[in-house]
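This report describes the strands, helices and selected loop residues of one structure. The sequence and model are shown first, followed by the description.

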Amino acid sequence: MMKEKLTLIKVGGKIVEEADSLNQLLNDFSDLPGYKILVHGGGRSATKLAAQLGIESKMVNGRRITDAETLNVVTMVYGGLVNKNIVAGLQAKKVNALGLTGVDMDIIRSVKRPVKEIDYGFVGDVEKVNAELLVDLIHKNVVPVLAPLTHDGKGNILNTNADTIAGETAKALAPYFEVTLTYCFEKKGVLEDENDDESVIPEINRKEFQAYVEQGVIQGGMIPKLENAFAAIESGVSKVVITAASSIGKDQGTVIY
C-alpha cells in the first residue's frame, strides 16, 4: 500500500525569532501540500530573556548548559513565546496548528544526559517518540508545531536539541508515512567550499560523506548534522534535505539518501 507523504521541517531559532523571516517561513510552510510538522528552536530569544533576568548563558560546543534557572527560561521561551507566536501565525494562514512540547500527551520521553566530561544539567536525550498519538492528530488535519522540550516521566522537563527532536520524530513516523525531513539553516545546503555560498553539493550518500570528511570539505557542526541525517535514512525516513529556510518547498539544497 502506498504511504501518504509527510513533510517534517526543522527551523532554527534565528528564523522564527525575527518578524520578516518568520512571516516568510509561515507563508512557505502553509503553502506546503499534504501532511506536515514543524519543529523549531529559539535559542537567541532564550539567551536574551536570560540576560534580562540576570542569568548567564553558558554554552559548550554550541550546546546550552541548562541549570534550574536556565530551564525555567527555555521552558517559557520555547514552549510559550516562540511556539505560540508560530501557532498564531499559522492559524492566521488557515493552518490548524497545535503547539506542543514533548511533555504534552507524553509525546517525547527522554532521559537526563549522564554527566561525563561536562554536566549539561537538565538536558534530555530522546528515548521514545509516541508516534501513534502524532499520527492520530495528523490524520485529523492538525499540524503539530513541536518546541524543543521533552520530559523524563518523573516530573522533570528537559531541554532537548531541536535537530534531535526532528530526527527522532521523523524516524518514529517513518513506518506510517513517506517522510521527508528538511533541516533549514542559514546556508543554501551543504557547501563544497564554505566561502562560496553557491557551491552547494546537490546530493550525498554515506560513502561520499566519509570521503568529504576525510578531505576536510565537510567539517565542524555539519558532521553531526549529516550523521543525524544518515541515521534517519537508515531508520526508514525517505529523504533528508538540508537547505535554506527561504527554499522550503522548492527543489533546492542538499539531498541525503
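## Basis and terms

Two strands count as paired if DSSP finds at least two bridges between them. Helices (H or I, at least four residues) and strands (E, at least two) are DSSP runs, numbered from the N terminus.

This is a predicted model, in which local features need pLDDT of at least 70 and side-chain atom pairs count only at pLDDT 80 or more, while totals for chains, interfaces and linings use all residues. Residues are numbered from 1 along each chain as its sequence is written, and side-chain values use heavy atoms, with hydrogens and water left out.

## The sheet

Eight strands form an open sheet: 8 strands in the order 5-8-2-1-11-13-14-12, with mixed pairing. Strand 5 and strand 12 (203-204) are the edge strands, each pairing on one side only.

Strand 1 runs parallel to strand 2, and 6 bridges join the two. Within this pair, Lys10 has Val39 in strand 2 as its bridge partner. Strand 1 also runs parallel to strand 11, with 7 bridges between them; here the bridge partner of Thr7 is Thr180 in strand 11. Burial is given by relative accessible area (buried under 20%, exposed over 50%, partly exposed in between; 1.4 Å probe, protein chains only). Strand 1 is largely enclosed by the rest of the structure, because 6 of its 7 residues are buried.

## Strand 13 and its partners

Strand 11 (residues 178-185) and strand 13 (residues 239-244) run parallel and are joined by 6 bridges. Thr180 stands opposite Lys239 in strand 13, and Tyr183 has Ile242 in strand 13 as its bridge partner. Thr180 therefore appears in two pairings, since it is also the bridge partner of Thr7.

Towards strand 14 (residues 254-256) the direction is antiparallel, with 3 bridges joining it to strand 13. Ile242 stands opposite Thr254 in strand 14. Of the 6 residues of strand 13, 5 are buried, so this strand is largely enclosed by the rest of the structure.

## Helices on the sheet

Angles are taken between N-to-C directions and run from 0 to 180 degrees, with axes fitted as lines to C-alpha atoms, for helices over the stretch in contact. Helix 4 (residues 68-92) lies across strand 2, strand 5 and strand 8, and runs at about 175° to strand 5. Helix 5 lies across strand 1, strand 2, strand 5 and strand 8, at about 120° to strand 2.

Helix 5 covers residues 131-139, and its buried residues are Ala131, Leu134, Val135, Leu137 and Ile138. They lie on the same side of helix 5, because they cover an arc of only 165° around the axis, the arc being that of the directions from the helix axis to the C-beta atoms. Among the elements that cover these buried residues are strand 1 (5-11), strand 2 (35-40), strand 7 (124-129) and helix 6 (162-173). Asn141 follows helix 5 and has a positive phi, near 60°.

## Helix 5 against helix 6

The axes of helix 5 and helix 6 come within 9 Å and cross at roughly 80°. The two helices are therefore roughly perpendicular to each other (angles under 35 degrees count as roughly parallel, over 145 as roughly antiparallel, 65 to 115 as roughly perpendicular and the rest as oblique).

In this contact (heavy atoms within 4.5 Å), Ala131, Leu134, Val135 and Ile138 of helix 5 meet Thr169, Ala172 and Leu173 of helix 6. By class, the contact has 6 nonpolar, 1 polar and no charged residues. The classes are nonpolar for Ala, Val, Leu, Ile, Met, Phe, Trp, Tyr, Cys and Pro, charged for Asp, Glu, Lys and Arg, and polar for the others, Gly among them.

## Loop residues

Lys94 lies in the loop between helix 4 and strand 5. Its phi is positive, near 65°, in a residue other than glycine, and Lys94 counts as exposed at 75% relative accessibility. Asp106, in the loop between strand 5 and strand 6 (108-112), has a positive phi near 55°. With 30% relative accessibility, Asp106 counts as partly exposed.

Asn156 is placed in the loop between strand 9 (149-151) and strand 10 (157-159), and counts as partly exposed at 32% relative accessibility. Leaving aside neighbours within four places in sequence, Asn156 is in contact with Thr150 and His151. The C-alpha atoms of Asn156 and Thr7 are separated by 30 Å, with the two residues 149 residues apart along the chain.
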